[in-house]
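Dear colleague,

I am passing on to you the structure that we spoke about, and below it you will find my notes on what I found when going through it. Please read them with the structure open beside you.

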Amino acid sequence: MKSRNPSAEPKLPAASSIDDHVSPHLRLWMNRLYPYRKFGYAALAVLLAGIPLIANNYILEVLSNAWFYVVLCLGLNIVVGYAGLLDLGYAAFFAVGAYTTGILTSHFGVNFWLTIPCAIVLASLAGVIIGGPTLRLRSDYLAIVTLGFGEIVRIAARNLKITGGASGLIGINRPVFFGVELNQIYHYYYAFLILAVIAVFAAYRLQHSRLGRAWQYVREDEDAAEAMGIDRVAVKLCAYVIGAVFAGIAGCFFAAKMTAISPETFTFSQSVLILLGVVFGGMGKIPGVIIGALALVFFPEVFRAIGTMRILVFGIVMLIIMLYRPQGIWPERRN
Amino acid sequence: MALLEVKKINLSFGGLKVIDSLSFAVEENAIVSLIGPNGAGKTSVFNCLTGFYRPNDGDILFADRSIARRKPHKITQGGLARTFQNLRLFKNMTVLENVMSGMHCRTSAGVVGALFRPDFQRREEALIRKVSEDCLEFVGILDQKDRYANNLPYGDQRRVEWARALATRPRLILFDEPAAGLNYDEKERLVQLIHRIRDELGITVLLIEHDMGLVMKISEWIYVIDYGHKIAEGTADDVKNDPHVIEAYLGKDENVAA
């Protein structure tokens, strides 16, 4: 059966037509530099690790924030980008992590590091609670339900005694790491940088796995995926839970860094912002999502001089990108 | 004992009766066809067999176990694979990745496997790849494995679907109009392929097909349905000369189909 019908259609060129937006020159250079990528990574690692030696507190603050959003965006990318589920209440999972750490350390004096596994369990639970009954819904309905869920968590936090009501929790204990209390901004720069690296690693490995493929099958064609023996509800739930865990862990460190949290941190616009980072960079593409997250944080800082106008400019830039590159700014990788 | 046994299933959508007390059986290692005029309910039968529709009553036994109320992925895991009438490939994935989806239900690595890549996960990934490549080789498009599915010519896309169904390692494979849109040569190769699937892989084949030449050539047993009801069964010669079949296909106000 090897011999193929000679009268069949002529072979199409191997490069696909999905994305021709990258100029051939750029593509050429990307291919040429590819063998040397290890040096690139090493240089980047040295640069990122060395930044606290030269940067001031303002820059470190912004960068810590940037790494923090990288973790959140990569987590949401698993839900939205890989599994193709629109989630408008992602901040709720981040709130679960932050409040777990906040409540356990300030009310019960639990060691910060022990609150992380608790946050993982609770965030997963939240993922199952929201996902279990709703994942049978198709996308639009799911989006509405997740939006509602996000608001429920925020309003619950606002009205419960244990979460400190509208004024939130203050005096969250700083974590101690090998005898050093983490109370300097550069501590958190490193903490979030490490989290971001772990998040990139985890996202990459998940994407290139049996589970990652299953997400893509379900996203491309649910019925066909089911016909191939894939349990679509289980696979989606898994994406939900993993996304929730990313946000939960990020939330723990967020609480420790801020030492105070309030319900207003976890609003709908927070969820939208994270989603924006994912869509802006390019759903499902790790480098794109990282760039999206960085853009999210850097943009308002760079345009701080123009005051509230920057929101308008940000909106216009978003519009332009969505009009001309709806697939996000990062190019598709095709072979 | 038959591998697949359909016992008096009924299916209606609102007031419309799509399947009407239909019974039939498929013996292990046979090549069986289900034919009927347009709108006779053939694809609905397939959808019932594969769990996409639930029959209102009646039962479906596969390898002596009822599958009438099982979910589609469970049925596939149980060894019953299908292809779709309108191609349902994962278009933005490579041919190989498409076929690898079939092995999903035969493997188990989860989150821990993905993150830490222990030995068992690596072996499993290698196995998935190997089986998928074997299936592509079997249908004759291994050389296309790294191309994106939607860039393939139509005939090859069909073959990707067959390879994908084979990769689930089924005992019974359901082909929904496999010859639709194929040219003469491709149809000839399809006939060979179906024989090889049965003879070399030992997989039982049930197909829906409109191309009567093909059906008559390969089927060992044929069921004819019309309005969701079985009107005839038998070998190709029996069916060809059955007055009910001729009436169903050539009857007064039917368009000629055969």
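In chain B, Glu5(B) stands opposite Leu61(B), a residue of strand S4(B). The two belong to a pairing in which strand S1 (residues 4-13) of chain B and strand S4 (residues 57-62) of chain B run antiparallel and are joined by five bridges. Please keep in mind throughout that this is a predicted model, and that what follows describes that model.

S4(B) also has strand S5 (residues 65-66) of chain B as an antiparallel partner, and here two bridges join them. In this pairing Phe62(B) stands opposite Arg65(B) of S5(B). The two strands make a hairpin with two residues between them, and in its turn Ala63(B) has a positive phi of about 50°.

Chain B also holds an open sheet of six strands, which follow one another in the order S6-S7-S8-S3-S9-S10 and whose pairing is mixed. Strand S6 (80-82) and strand S10 (229-234) of chain B stand at the edges with a single partner strand each, so one side of each is left without a neighbour in the sheet. On average, and with direction ignored, neighbouring strands of this sheet are turned by 20° against each other.

Within this sheet, strand S3 (residues 31-35) and strand S9 (residues 221-226) of chain B pair in the parallel sense over four bridges, and Leu34(B) stands opposite Tyr223(B) in S9(B). Helix H10 (residues 243-250) of chain B packs on the sheet, where it touches S9 and S10 of chain B, and its direction makes about 125° with that of S10(B). Another helix of chain B, H7 (residues 184-199), lies across S3, strand S7 (172-176) and strand S8 (204-208), and runs at about 150° to S8(B).

One residue of this sheet may serve as a place to look more closely, namely Leu206(B), which is found in strand S8 of chain B. Is Leu206(B) buried or exposed? Leu206(B) has 26 other C-beta atoms within 10 Å, and because 20 or more are needed for a residue to count as buried, Leu206(B) is buried. Leaving aside residues up to four places away in sequence, Leu206(B) touches Val26(B), Val32(B), Leu34(B), Leu172(B) and Leu174(B). Of these contacts, the one with Leu172(B) joins residues that are 34 residues apart along the chain, while their C-alpha atoms are separated by 7.4 Å.

Taken as a whole, chain B has a secondary structure of ten helices and ten strands. Its C-alpha atoms fill a box of roughly 65 × 40 × 35 Å along the principal axes. The radius of gyration of chain B is 19 Å, which agrees with the value near 18 Å that a compact globule of 258 residues would have. Of those 258 residues, 46% count as buried, and among the contacts in chain B with a separation of 6 or more, 67% are accounted for by residues 24 or more positions apart.

Turning to chain A, the secondary structure comes to 13 helices and two strands. The C-alpha atoms of chain A fill a box of roughly 75 × 50 × 45 Å along the principal axes, and its radius of gyration of 22 Å agrees with the value near 20 Å for a compact globule of 335 residues. In chain A, 45% of the 335 residues count as buried, and residues 24 or more positions apart account for 79% of the contacts with a separation of 6 or more.

Among the helices of chain A, helix H5 (residues 112-134) and helix H10 (residues 232-258) have axes that come within 8 Å and cross at roughly 145°, and this crossing of H5(A) and H10(A) is right-handed. The residues of the contact of H5(A) with H10(A) divide into 17 nonpolar, seven polar and one charged.

Last comes the interface, where 33 residues of chain A are in contact with 36 residues of chain B. On the side of chain A that touches chain B, helix H7 (185-207), helix H8 (210-220), helix H9 (222-227) and H10 of chain A each supply at least two residues. Which helix gives the largest share of that side? The largest share, eight residues, comes from H8(A). The residues of that side of chain A divide into 16 nonpolar, seven polar and ten charged.

With kind regards

Terms used
Residues are numbered from 1 along each chain as its sequence is written. Chains are lettered from A and ligands numbered from 1 in the order in which they are written. This is a predicted model: local features need pLDDT of at least 70, side-chain atom pairs count only at pLDDT 80 or more; totals for chains, interfaces and linings use all residues. Two strands pair if DSSP finds at least two bridges between them. Axes are lines fitted to C-alpha atoms, for helices over the stretch in contact, and angles run from 0 to 180 degrees between N-to-C directions. Two residues are in contact if their C-beta atoms, placed from the backbone, lie within 7 Å. A crossing is left-handed if the near helix is turned anticlockwise from the far one by less than a right angle, and right-handed if clockwise. Ala, Val, Leu, Ile, Met, Phe, Trp, Tyr, Cys and Pro count as nonpolar, Asp, Glu, Lys and Arg as charged, and the others, Gly among them, as polar. The radius of gyration is taken over C-alpha atoms; the globule rule is 2.2 Å times the number of residues to the power 0.38. A residue is buried if 20 or more other C-beta atoms lie within 10 Å of its own, exposed if 12 or fewer, and partly exposed in between; C-beta atoms are placed from the backbone.
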